[in-house]
Amino acid sequence: MILLSSFEEVFFRGLLFTNFNKSLSVNRANWLTSLIFMLFHNIINITILFRSMILGYAFAKNNNLFLVIILHIFMNIITMASPENYQYLGGSVFVDLITSISIFFFILWEHIKNKSTNNKDKSLYKC
């Protein structure tokens with residue numbers, strides 16, 4: 001799981017998103033990368049698309065591939081540990097809610113930490 005998540009993020013965020021973002025806006029690059037990510041998983045699923053959009057946002061905001069790999073691994077662990085095994089990977093409101101809330105607070109914490117240290121914002125998103 002760790003190796004696959006790392007490969008996916010290096011390929012999708014590190015390579016595809018970064019190259020798409022050279023000629024497209026951050027949002028369009030994120031959408032395109034997320035659609036390809038969903039199709040790569042061989043299933044049309046709004047949950048996979050939604051999670052990929054979150055990962056793309058986290059990468060654009062923090063410009064940190066390692067952070068996105070950790071978030072991806074975290075998402076996969078929650079998916080596999082859920083009682084209904086994530087409805088056979090088809091989606092679960094409960095799992096999505098917990099994952100989304102966790103990632104939201106993690107990104108918020110990163111944002112607050114960056115502001116408190118007065119670091120120059122190197123993110124692709126300017127919030």
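So, leucine 4 sits in helix 1, and helices here are DSSP runs of H or I with at least four residues, numbered from the N terminus. Before I go on: this is a predicted model, where local features need pLDDT of at least 70 and side-chain atom pairs count only at pLDDT 80 or more, while totals for chains, interfaces and linings use all residues. Residues are numbered from 1 along each chain as its sequence is written, and side-chain values use heavy atoms, with hydrogens and water left out.

Is leucine 4 buried or exposed? Partly exposed, at a relative accessible area of 49%; that label covers what falls between buried, under 20%, and exposed, over 50%, with a 1.4 Å probe and protein chains only.

Leu4 also joins Phe7, Phe11, Leu15 and Phe40 in a nonpolar surface patch of about 470 Å². To get into such a patch, a residue needs over 30% relative accessible area and no salt bridge, and nonpolar side chains (Val, Leu, Ile, Met, Phe, Trp, Tyr) are joined within 5 Å. A salt bridge here is a Lys or Arg side-chain nitrogen within 4 Å of an Asp or Glu carboxyl oxygen. The areas are Shrake-Rupley, 1.4 Å probe. Helix 1, residues 2-23, gives the most to the patch, with four residues.

Now helix 3, residues 46-62: 14 of its 17 residues are buried. From first C-alpha to last, helix 3 reaches 24 Å, close to the 24 Å expected at 1.5 Å a residue, counting one less than its number of residues.

And what comes just after helix 3? Asparagine 63, with a positive phi of about 50 degrees, in a residue other than glycine. Asparagine 63 is in the loop between helix 3 and helix 4 (65-81), and is partly exposed, at 42% relative accessible area.

How values were computed: Helices (H or I, at least four residues) and strands (E, at least two) are DSSP runs, numbered from the N terminus. Patches are made of residues with over 30% relative accessible area and no salt bridge: like charges are joined within 9 Å, nonpolar side chains (Val, Leu, Ile, Met, Phe, Trp, Tyr) within 5 Å.
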